[in-house]
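Q: I'd like to learn how to read a model like this one. Can you walk me through it feature by feature?

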Amino acid sequence: MKDFHVETKCIQEGWKPENGEARVLPIYQSTTYKYDSGEHLGKLFDLSVPGHMYTRISNPTVSCVEEKIAALEGGVGALCTSSGQAASLLAILNIASAGENFISCSTIYGGTVNLFAVTMKRMGIEVRFATPDMTDAEIHALFDDKTRLVFGETIANPALEVLDIERFAGIAHAHSVPLVVDNTFATPILCRPFTFGADIVIHSTTKYMDGHASVVGGVIVDSGKFNWEASGKYPELTTPDESYHGVVYTRDFGAAAYITKARVQLMRDLGTCPQPLAMYILNLGLETLALRMERHYENGLAVAKYLAGHDKITWVKNPALSDSDQHEKCVKYLGGKSCGVVSFGVKGGRDAAMQFMNHLQLAQIVVHVADARTSVLHPASTTHRQLTDQQLVDAGIGADLIRMSVGIENINDILADIENALSAV
Ligand SMILES: *Cc1c(COP(=O)(O)O)cnc(C)c1O
């Protein structure tokens with residue numbers, strides 16, 4: 001299916017029924033699989049034949065969704081996880097161990113900041129943050145011989161900074177390490193990071209991919225392009241894995257070495273696997289992803305333009321605004337479009353922000369973002385509450401920042417709701 005357009009892949013990739021089989025992706029609600037001989041099952045455990053052994057490691061329903069997402073991103077393989085957090089964790093643990101470190105852009109999702117700066121630190125893996133104003137030389141200076149990867153978000157949640165993917169890929173590759181990109185807010189509809197040099201992509205599928213705020217999930221996608229052997233920094237991929245009778249991932253799985261290890265070693269051991277029913281629901285969301293992203297973009301831009309012209313608004317951020325400081329990168333990486341998330345400040349700071357939010361009727365206050373319903377959140381007092389003042393500044397989040405996730409309702413109803421709430425401030 002290599003030649004179909006992305007809208008077609010959203011529908012047609014993944015489950016491909018044989019003669020007489022169900023047309024729609026079946027839910028294989030089974031933990032286990034039957035084999036005719038003990039020898040065959042033994043070979044599965046040696047990874048010498050392909051096949052499902054246990055749903056923690058793989059499942060036919062989950063596999064179809066993985067194939068679809070890999071096709072959308074243009075990767076050699078994907079691994080679905082129980083959440084976006086699990087995807088971030090596994091993506092890094094797969095190539096970094098205690099005593100090693102990695103570089104991350106500071107403008108990333110608050111939950112990822114906690115994972116990197118607190119929990120991974122306790123595991124002995126150190127994160128070094130690169131702030132948006134750093135020069136190349138300053139970022140190069142963060143590296144040492146224990147640095148194993150670089151991490152960033154295509155469109156940062158909620159700062160809405162667009163990642164200069166080529167720049168960060170260039171910096172990472174100069175040190176023979178991969179660039180890992182969280183593509184949650186862009187989705188492969190707006191940006192395919194592999195085409196700009198990223199090596200690994202992750203998503204919280206909880207957001208636009210599901211798109212209906214129904215199911216938590218994540219995914220890791222492998223471009224298959226990073227040369228682990230030539231780098232010389234990843235013995236976990238290039239020397240025998242004792243837990244599989246000496247399998248060598250790069251030798252035995254070639255371009256799919258990284259994603260195979262993430263599955264058969266880390267998913268086996270850590271167990272953050274998705275449920276088949278959750279993947280069925282995610283697949284329904286994926287079928288309409290291209291359509292929905294187009295409307296999210298249009299509605300988000302319309303809201304951003306409306307706010308930009310309102311005298312009670314101090315500032316508005318949406319990369320698709322033509323006067324945005326992110327616009328140049330938005331044109332290069334996102335085709336000039338953005339997702340439905342808009343951030344802005346209301347005159348009067350934190351108190352006015354709260355008043356505004358409390359007067360919205362159609363847009364509801366929820367922790368979630370990036371689904372069909374318009375919603376609103378004040379990150380500094382909720383999702384990013386654990387961050388210090390300096391971390392908030394580094395993440396690009398002011399005390400007055402309101403994050404509005406513009407849905408796919410009729411734009412006139414969304415604008416009327418905003419106008420009404422602003423008149424009450
Ligand atoms: C929500 C989010 C995550 C975490 O995903 P969960 O599915 O909530 O675990 C990671 N990255 C980004 C950009 C997110 O928005």
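What follows is a short dialogue on confidence, helix packing, backbone oddities and one buried tryptophan.

Q: Before the details, what should I know about the ground rules?
A: This is a predicted model, where local features need pLDDT of at least 70, side-chain atom pairs count only at pLDDT 80 or more, and totals for chains, interfaces and linings use all residues. Residues are numbered from 1 along each chain as its sequence is written, and side-chain values use heavy atoms, with hydrogens and water left out.

Q: What is the mean pLDDT of the protein chain, and which elements have the lowest and highest values?
A: pLDDT is the predictor's confidence in each residue, from 0 to 100. Where it is low, the predicted coordinates should not be read in detail. Here the protein chain has a mean of 95, with 100% of its residues at 70 or more. Among its elements, helix H17 (residues 389–394) has the lowest mean at 78, and strand E7 (residues 218–222) has the highest at 99. Those labels are DSSP runs numbered from the N terminus: helices are H or I with at least four residues, strands are E with at least two.

Q: How do I read a helix pair, say H14 and H18: at what angle do they cross?
A: Two packed helices are described by the angle between their axes and the distance between the axes. The axes are lines fitted to C-alpha atoms, for helices over the stretch in contact, and angles run from 0 to 180 degrees between N-to-C directions. For H14 (residues 289–308) and H18 (residues 411–423), the axes come within 10 Å and cross at roughly 30°. That makes H14 roughly parallel to H18 (under 35 degrees is roughly parallel, over 145 roughly antiparallel, 65 to 115 roughly perpendicular, the rest oblique).

Q: Which residues of H14 and H18 make that contact?
A: Contact means heavy atoms within 4.5 Å. On the H14 side you'll find Asn299, Ala302, Val303, Tyr306 and Leu307; H18 brings Ile411, Ile414, Leu415, Ile418, Glu419 and Leu422. By class, that contact has 9 nonpolar, 1 polar and 1 charged residues (Ala, Val, Leu, Ile, Met, Phe, Trp, Tyr, Cys and Pro count as nonpolar, Asp, Glu, Lys and Arg as charged, and the others, Gly among them, as polar).

Q: How far apart are the axes of H3 and H13?
A: The axes of H3 (residues 60–73) and H13 (residues 276–287) are 8 Å apart, and the helices pack at an angle of about 35°. Residues meeting there include Val65 and Ile69 in H3 and Met279 and Leu286 in H13. The class count for this contact is 9 nonpolar, 2 polar and 2 charged residues.

Q: Which residues does the cis peptide bond join, and which residue in the loop between E4 and H7 has a positive phi?
A: Most residues other than glycine have a negative phi, and most peptide bonds are trans. The cis bond joins Asn157 and Pro158, with omega about 5°. Pro158 sits in the loop between strand E4 (147–153) and helix H7 (165–174). Leu160, found in that loop, has a positive phi of about 60°.

Q: Is Asn157 buried or exposed?
A: Buried means under 20% relative accessible area, exposed over 50%, partly exposed in between (1.4 Å probe, protein chains only). Asn157 is buried at 4%. Its contacts beyond four places in sequence include Tyr109, Phe185, His384 and Arg403.

Q: Where does Trp228 lie?
A: Trp228 lies in helix H9 (residues 228–231) and is buried, with a relative accessible area of 4%. Among the residues it touches are Ile95, Pro178, Leu237 and Tyr258.
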